[in-house]
Amino acid sequence: MGIRSKRISTTIGPTIGLYLDDMLDTGFYGLTRSEVMRRLIFRQIEISLSNGIIQRRKPIKKLRVALRAWEGE
């Protein structure tokens, strides 16, 4: 069984949309709103792991490679 991406959907208010656009305009967080949201989620997971809020999961080799490529390592 392969690793599959999960598609999620959410509704955001107009103010959050404007903040996402502000982050998008910097170019640092991605080129689309989806990339900005994906980067923010990934960052919050890192913060939650480092603060002990959630436990680190056993790494999935293919996932590690994908995350490194996505983060530009």
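Helices (H or I, at least four residues) and strands (E, at least two) are DSSP runs, numbered from the N terminus. The exercises below use this definition on a predicted model.

**Exercise 1. The overall plan**

Find how many helices and strands there are in the chain, and state which pattern the chain follows along the sequence.

Solution. Counting the elements gives 3 helices and 0 strands. Reading along the sequence then gives the pattern α-α-α. As a further step, consider burial: of the 73 residues of the chain, 10% count as buried, where buried means under 20% relative accessible area.

**Exercise 2. How far to trust the model**

State the mean pLDDT of the chain, and decide which element has the lowest mean pLDDT and which the highest.

Solution. The mean pLDDT of the chain is 83, and 77% of its residues reach 70 or more. Going through the elements, helix 1 (residues 14-26) has the highest mean, 94, while helix 3 (residues 61-71) has the lowest, 60. Where pLDDT is low, the predicted coordinates should not be read in detail. The remaining exercises therefore turn to other parts of the chain, given that the mean pLDDT of helix 3 is 60.

**Exercise 3. Helix lengths**

Compare the span of helix 1 and of helix 2 with the value expected at 1.5 Å a residue.

Solution. For helix 1, the 13 residues should span 18 Å, and the end C-alpha atoms are 19 Å apart, which agrees. For helix 2, there are 18 residues, and the distance from the first C-alpha to the last is 26 Å, close to the expected 26 Å. The next step is to look just past each helix: glycine 27, just after helix 1, takes a positive phi of about 80°, and glycine 52, just after helix 2, takes a positive phi of about 75°.

**Exercise 4. Two salt bridges**

Count the salt bridges, and work out for arginine 33 and aspartate 21 which helices the pair links.

Solution. The count comes to 2 salt bridges. In one of them, the side chains of arginine 33 and aspartate 21 meet at 2.9 Å, N to O. This pair links distant parts of the chain, since arginine 33 belongs to helix 2 (residues 33-50) and aspartate 21 to helix 1, 12 residues apart. Both partners are partly exposed, arginine 33 at 35% relative accessibility and aspartate 21 at 24%.

Another salt bridge joins the side chains of glutamate 46 and arginine 43 at 3.2 Å, N to O. Here the two residues are 3 apart in helix 2, so that about one helical turn separates glutamate 46 and arginine 43. An α-helix has 3.6 residues a turn, so residues three or four places apart point the same way. Glutamate 46 is partly exposed at 33% relative accessible area, and arginine 43 is also partly exposed, at 46%.

**Exercise 5. Helix 2 beside helix 1**

Determine what distance separates the C-alpha atoms of methionine 37 and leucine 20, and what distance separates those of arginine 33 and methionine 23.

Solution. Methionine 37 lies in helix 2 and is partly exposed, at 28% relative accessibility. Although methionine 37 and leucine 20 are 17 residues apart along the chain, their C-alpha atoms are separated by 7.7 Å. Arginine 33, the salt-bridge residue of helix 2 met above, is 10 residues from methionine 23 along the chain, and their C-alpha atoms are separated by 8.7 Å.

**Exercise 6. Buried and exposed faces**

Name the buried residues of helix 2, and find which residues make the nonpolar surface patch.

Solution. The buried residues of helix 2 are Val36, Phe42, Ser48 and Leu49. The nonpolar surface patch, about 490 Å² in area, is made by Ile8, Ile41, Ile45, Ile53 and Ile54. One of these, isoleucine 45, lies in helix 2 and counts as partly exposed at 41% relative accessibility.

**Exercise 7. An aromatic pair**

Describe how the rings of phenylalanine 28 and tyrosine 29 are arranged, and state how exposed each residue is.

Solution. The count comes to 1 aromatic pair. Phenylalanine 28 and tyrosine 29 form this pair, with 5.0 Å centre to centre and 90° between the planes, an arrangement that is edge-to-face, because planes over 60 degrees apart count as such. Phenylalanine 28 is exposed, with a relative accessible area of 59%, whereas tyrosine 29 counts as partly exposed at 25%.

Key:
Residues are numbered from 1 along each chain as its sequence is written. Side-chain values use heavy atoms; hydrogens and water are left out. pLDDT is the predictor's confidence in each residue, from 0 to 100. A salt bridge is a side-chain nitrogen of Lys or Arg within 4 Å of a carboxyl oxygen of Asp or Glu. Buried means under 20% relative accessible area, exposed over 50%, partly exposed in between (1.4 Å probe, protein chains only). Rings of Phe, Tyr and Trp (its six-membered ring) pair if their centres lie within 6.5 Å; planes under 30 degrees apart count as stacked, over 60 as edge-to-face and the rest as tilted. Patches are made of residues with over 30% relative accessible area and no salt bridge: like charges are joined within 9 Å, nonpolar side chains (Val, Leu, Ile, Met, Phe, Trp, Tyr) within 5 Å. Accessible areas come from the Shrake-Rupley method with a 1.4 Å probe; for residues, only the protein chains shown count as cover. The expected span of a helix is 1.5 Å times one less than its number of residues.
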